[in-house]
Amino acid sequence: MNIAAHEHRPARSTPTAYQLQAAVLAGRVLDPAGNSETSLVVSYDQLATGGLYRSQDLQAGHALLQRAHLVVVEGSSHVPTPTLVSLCGLPDDVAAELLLQELMVEEPPLWLYAAVVDDEVRWENVPESDQEALEQLLEDATRREALLMSVGRTLDAAQLAEQGAHGEEFVVELCRKHLCELDRPDLAAAVSRVSLRSDELGYDVTSPDTTGHRHRIEVKTTSSASVGRVEFFLSRNEATVGVRDPRWSLVAVRRNRDDSLELIGWCSSVNLVPHLPRDVSGQGRWANVRLSIAITDFQPGLPLDAQS
């Protein structure tokens with residue numbers, strides 16, 4: 001029997017507790033070094049489950065593990081990932097909960113984006129069948145909400161990282177274009193996206209200008225600038241570098257609904273300092289802050305323009 005034949009996408013996007021537990025059992029059959037498909041089917045046929053799970057259920061569970069990218073096929077061998085090996089060593093209920101989280105990150109249900117908004121779960125946007133599946137797995141409403149919030153934050157972080165990378169490349173190209181238009185292709189070649197090497201420098205892009213100065217640019221890409229404000233997250237390290245470095249500036253980029261990018265402008269750390277939080281004691285320090293800066297605080301163009 002072909003394990004892959006059991007892979008299907010039900011109308012309900014959330015697997016039931018029964019399906020998740022079957023997947024956990026299927027995962028525990030896997031050898032860390034891998035198993036052939038034939039040996040897996042034999043193992044599922046022979047696995048003692050007290051009649052609770054059929055071989056077909058375990059094979060369907062295996063397909064679910066593949067959908068979650070917790071099993072990879074190398075040649076003719078099905079190999080569990082280190083994450084799956086670790087997960088299968090946990091208690092049944094914890095393993096099933098973490099498996100659902102892995103699956104939702106790999107295959108986000110469409111309703112998730114409407115259900116998890118800011119710091120709350122809007123249950124009215126979760127289909128009834130999915131609510132029932134979640135309740136079967138997690139009786140505690142707080143744990144159900146925490147699970148969805150965790151998945152939402154993971155997806156937001158991935159989306160922000162991708163959005164930020166596009167914004168940085170956009171600014172690199174703008175800097176190069178600016179310098180080429182001033183007949184300095186030699187300087188344009190020196191523009192660099194340093195965030196590819198390290199994200200701990202406090203800036204993303206370095207660019208020379210025609211006066212001999214080198215600018216260090218922190219790029220923030222946002223989709224909220226159309227309402228008159230620019231909202232973004234700033235780390236303590238970025239703020240510290242900005243305050244100490246007179247050649248540091250923040251360049252804001254707007255991501256439009258059609259995913260096109262548009263330059264908003266730039267500002268120096270002087271515009272940001274009044275909005276930064278303060279440590280109220282020596283026992284706690286802020287690490288990241290979400291800022292909302294008036295779009296009028298940004299100067300048009302690039303910081304290179306002000307120096308060239």
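Student: Which residues lie nearest the centre of the largest pocket?

Tutor: A pocket is read from its lining. In this predicted model, 44 residues line the largest pocket, and Asp156, Ala157, Leu160, Ala161 and Phe233 lie nearest its centre. The space in this pocket comes to about 1,600 Å³.

Student: Which element gives the most to that lining?

Tutor: Helix H8 does, with 13 residues. H8 spans residues 141-181. Other elements that each supply at least two lining residues include strand E8 (214-222), strand E9 (229-235), helix H10 (236-244) and strand E12 (288-294). Helix H6 (112-115) and strand E4 (116-117) also belong to that group.

Student: How many of the lining residues are nonpolar, polar and charged?

Tutor: The lining of the largest pocket holds 17 nonpolar, 13 polar and 14 charged residues.

Student: H8 was named for the pocket. Which strands does H8 lie across?

Tutor: To place a helix on a sheet, take the strands it crosses and then an angle. H8 lies across E6, E7, E8, E10 (248-255) and E11, and runs at about 135° to E8.

Student: What is the order of the strands in that open sheet?

Tutor: The 5 strands are ordered E6-E7-E8-E10-E11, and their pairing is mixed. E6 (192-193) and E11 (261-267) each have a single partner strand, so these two stand at the edges and one side of each lacks a neighbour in the sheet. Further in, E7 (residues 205-208) pairs with E8 in the antiparallel sense over 4 bridges. As a point to find on screen, Ser207 stands opposite His215 in E8.

Student: Which strands are at the edges of the sheet of 3 strands?

Tutor: That open sheet has the order E1-E3-E2 with antiparallel pairing. Its edge strands are E1 (35-36) and E2 (71-74), each of which pairs on one side only. E2 and E3 (residues 77-80) run antiparallel and are joined by 4 bridges. Glu74 is found opposite Ser77 in E3.

Student: Which helix lies across E2 and E3?

Tutor: Helix H3, residues 55-67, lies across both, running at about 90° to E2.

Student: Where is confidence lowest, and where is it highest?

Tutor: Start with the average, then go to the elements. The protein averages a pLDDT of 90, and 94% of the residues score at least 70. Confidence is highest in E6, at 97, and lowest in helix H11 (residues 303-307), at a mean of 74.

Student: Over which residues does pLDDT stay under 50?

Tutor: That stretch is residues 7-11, for which the model has 6 contacts beyond four places in sequence.

Notes
Residues numbered from 1 in each chain as written. Predicted model: local features only at pLDDT ≥ 70, side-chain atom pairs only at ≥ 80, totals over all residues. Heavy atoms only, no water. 1 Å grid on protein atoms, 1.4 Å probe; cavity = no way out; pocket = protein on both sides within 12 Å on 5 of 7 lines; lining within 4 Å. Points joined across faces, edges and corners; volume = space filled by probe spheres on them. Nonpolar A, V, L, I, M, F, W, Y, C, P; charged D, E, K, R; others polar. Pairing = 2+ DSSP bridges. Contact = heavy atoms within 4.5 Å. Axes fitted to C-alpha atoms, helices over the stretch in contact; angles between N-to-C directions. pLDDT = per-residue confidence, 0-100.
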